[in-house]
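User: Could you take me through how the two parts of this chain meet?
Analyst: Certainly; let us look at the model together.

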Amino acid sequence: MNLNMLLLIAGMAAVTYIPRVLPLTILEGKELPPFVQSFLSNIPYAVLGALIFPGILLIKEGDIWFGLVGAFAAFALALAGANVMIVVIGSIIVLSGYLAIF
Amino acid sequence: MQQIAADSVQSEFRRGIQAGMSIAVGYVPVALTFGLLAKTTGLSLWETILMSMLVFAGAAQYISLSLIASGIGIGVIIFNTFIVNIRHFLMSASLNEKMESDSMGIKALYAFGITDETFSVIATRNGKSSASFAFGVMLIAYGSWVVNTGAGHLIGASLPDFLQAAMSIALYAMFVGLLMPSLKKSAKVFYLALVAGSINSSLLLSGTMGTGWAIIVSTIISAAAVEAVISIRRKAGLQ
């Protein structure tokens, strides 16, 4: 194995681990102000919004319809109350169908 | 008593594995392609697997490949990795509110497994989350990432074109599936996702910032602004 590559991987591993581990360990057992607590418990839903948009619409370069159809399938299945795995597999099947037709 | 505790640890771990299954599926096309690209970039099989084992961060690993290919120095690549992954800082802080109290050692261990996907699954669970549940989610996601990275390098190909394209929806569909149950119950969740999604879209599509920063900025603004509006309304006696 190339030494330079090993150094690179070790460096990438270190700088990726630091932001993952610091808050969880430093904040353990600390009572934060109520506004900060609420702010932090809002993060998951805000992050999900940002992870979904605009990414879901851009999954196939140059074909916005592909993303729209996929997004529609995912939202429709989720709205209907399907569990996460069904939403995932159902969306894949719908897009396979889309590709077979177009 | 001990027996009961051991049972609940086991079933929490199993529930974690189940909840992480959709991540494992979603990682397949991404990891296979990463393995393939790593091979064409000139990484050996073991270098590729080692990177996935130690870094476990899809976006940063992809970007590192294009930087390696362009011959940039490793200092720059490492710095860039740090920038792309700073968003985990926010997720780790949020997860700290969500998780049951645990020893530093256990928290330091599962902190390694935080990705956009594992965080989303663990943080949207009802009530507090246990370390056993987190380990379950992360282990199945990690296994899929590492194994499929190696497979992509070994086979030297990704999935058939149509399946690869169709499966690119998987992680997004999972995010939608995770968001929806809370969104149906709470207008606040709807606004949090809407505001962050809109800001993220305008930042990315206008080319103002790259993916890593755009997610951080849009998440912070949305989480703070929605909370501020709620507390102002509460003070004004509207709610």
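**Domains of chain B**

Analyst: Chain B is divided into domain 1 (2-170) and domain 2 (186-239), with bounds from an automatic or database domain assignment. This is a predicted model, in which local features need pLDDT of at least 70 and side-chain atom pairs count only at pLDDT 80 or more, while totals for chains, interfaces and linings use all residues. Residues are numbered from 1 along each chain as written, chains are lettered from A and ligands numbered from 1 in the order written, and side-chain values use heavy atoms, without hydrogens and water.

User: How far apart do the C-alpha centres of the two domains lie?
Analyst: The C-alpha centres of domain 1 and domain 2 of chain B lie 26 Å apart.

User: And how many residues are in contact?
Analyst: Five residues of domain 1 of chain B are in contact with six of domain 2 of chain B, contact meaning heavy atoms within 4.5 Å.

User: Which three residues supply the most area on the domain 1 side?
Analyst: B:Ile83, B:Arg87 and B:Leu90 supply 76% of the area that domain 1 of chain B buries against domain 2 of chain B. Buried area is the accessible area (1.4 Å probe) that two parts lose on being put together, summed over both. For these two domains of chain B the total is about 470 Å², 88% of it on carbon and sulfur atoms.

User: How many salt bridges cross the interface?
Analyst: The rule finds zero between domain 1 and domain 2 of chain B; a salt bridge is a side-chain nitrogen of Lys or Arg within 4 Å of a carboxyl oxygen of Asp or Glu.
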